[in-house]
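Welcome! Here is a short tour of two helix pairs and one residue in a loop. Please have the model open as you read.

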Amino acid sequence: MALEAHRAKFPILADSTYLVSHSMGAVPAKAANYLHDYHAQWAHEGIAIWERWMPFVEECQGLLGRILGAPGDSIAFHQNVSTLFVGVLSCFDWSAKRNKVLYPELGFPTLKYNLQTHAALGLRAIEIPSADGIHQPAETFINAIDDETALVVLDHGIYRSSALIDVKPIIAAAHQKGAKVIVDVYQTAGVIPLNIDDWGADFVVGGSHKWLCGGPGASFLHIHPDLLPSLHPKLFGWMAQADIFRFADKVDPADSARRFMTGSFGMPALYAARAGWEAILDIGVHAIRPHNLLIAERILEAAQSRGFRVNSPLKHELRGGQVCVDFEGAERMEPLLQRRRIFLDHRPGCGLRISGHFYSKPEEVDELFEALDELRA
Ligand SMILES: Cc1ncc(COP(=O)(O)O)c(C=O)c1O
């Protein structure tokens, strides 16, 4: 399908220069239809709507599973990654000798915060430093895994440099030492082709409001099917029971990843997110990535020709979806550009984060850099 036909499905693209899908993907027009369906069906069916909603959740699991390369029933939904991560942490005994958790210095803060809040239970959080503030090489994790390591936390894409962590050898090394691994794919799902079955990760977590164009509230956790039966999350609820509507007195977790879904599900978020997941599946992540790299080339050329510092790996295969560039005064640009309806974002220690998705035009990069030239003059 031609670029203009894709663009027509995303209303914000009609009047903006949208280079911020690494932070908030453009909302598809179809999301409004689905949210309307959500209301209309609920208004008509009342309490009986649960009979529609339960299979709807399973359909959503299947759709997302196709994007991630994992079976649908290995996927749990929740409002955000923070909650899902606490669900995972609640499966471990932090008073045991094996209570170390390794995590990347440059990882997204919400995961670090939850490691800190678990220190009182005995969890020992070990930060794996980055030598250059951009990369987090696999060997630095592999060398640190020992017999006391319970869990390794990895960001597949680093939010503040866009460097990719080579997760597969780390997972293999962790398993050899009896440790588990959780990979956060929030920064890469929808732009980098994933086959998480092939990784063999114990847990994969992420959300829908970036490259998946699905909005907030539809985060997901994949649990390796072989591991699932042995996991007993302490963050629990009645909708995670094997037989929800039996209202049994005793805990009896579902066989599937639903055992991580606690209480009543956030249905509107799933209705909205479905439009984004379908858009990604229509095009296919294998087709999205080359276009994303074409735009990245243009960003790199424009930044380097102006002498801006690039705080991302230069090699495509080491970099995720966005390119991070910095210069004096970069921290002031985001709101100034927003007034011109040019969207990107800024992060401390990183600079401006800029990216193109399947709906982006190379000329948008030129518009951005021309605006930066004016604002810096
Ligand atoms: C790598 C990563 N993990 C997690 C999150 C968000 O966490 P939560 O879903 O708890 O808001 C983000 C950003 O929004 C992120 O970039």
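## Helices α4 and α5

α4 and α5 cross in a right-handed way (the near helix is turned clockwise from the far one by less than a right angle; anticlockwise would be left-handed). This model is predicted, with local features needing pLDDT of at least 70, side-chain atom pairs counting only at pLDDT 80 or more, and totals for chains, interfaces and linings using all residues. Residues are numbered from 1 along each chain as its sequence is written, and side-chain values use heavy atoms, leaving out hydrogens and water.

Helix α4 spans residues 81–89 and helix α5 residues 109–117; they pack at an angle of about 40°, their axes 10 Å apart. α4 is therefore oblique to α5 (neither under 35 degrees, nor over 145, nor 65 to 115). In contact (heavy atoms within 4.5 Å) are Val81, Ser82, Phe85, Val86 and Leu89 of α4 with Thr110, Leu111, Asn114 and Leu115 of α5. Six of the contact residues are nonpolar, three polar and none charged.

## Helices α3 and α9

Now look at α3 (residues 50–68) and α9 (residues 267–283), which pack at about 35° with axes 10 Å apart. Their crossing is left-handed. Residues making the contact include Trp53 and Phe56 of α3 and Tyr271 and Trp277 of α9. The contact has 13 nonpolar, no polar and five charged residues.

## Asparagine 311

Asparagine 311 sits in the loop between β9 (309–310) and β10 (323–326). Is asparagine 311 buried or exposed? Its relative accessibility is 13%, so asparagine 311 counts as buried (under 20%; exposed is over 50%, partly exposed in between, with a 1.4 Å probe and protein chains only). Its side chain reaches the backbone oxygen of cysteine 350 at 3.0 Å.

Notes:
Axes fitted to C-alpha atoms, helices over the stretch in contact; angles between N-to-C directions. Helix = DSSP H or I, 4+ residues; strand = E, 2+ residues; numbered from the N terminus. Nonpolar A, V, L, I, M, F, W, Y, C, P; charged D, E, K, R; others polar. Polar contact = N/O pair within 3.5 Å; in protein donor to acceptor, adjacent residues only side chain to side chain.
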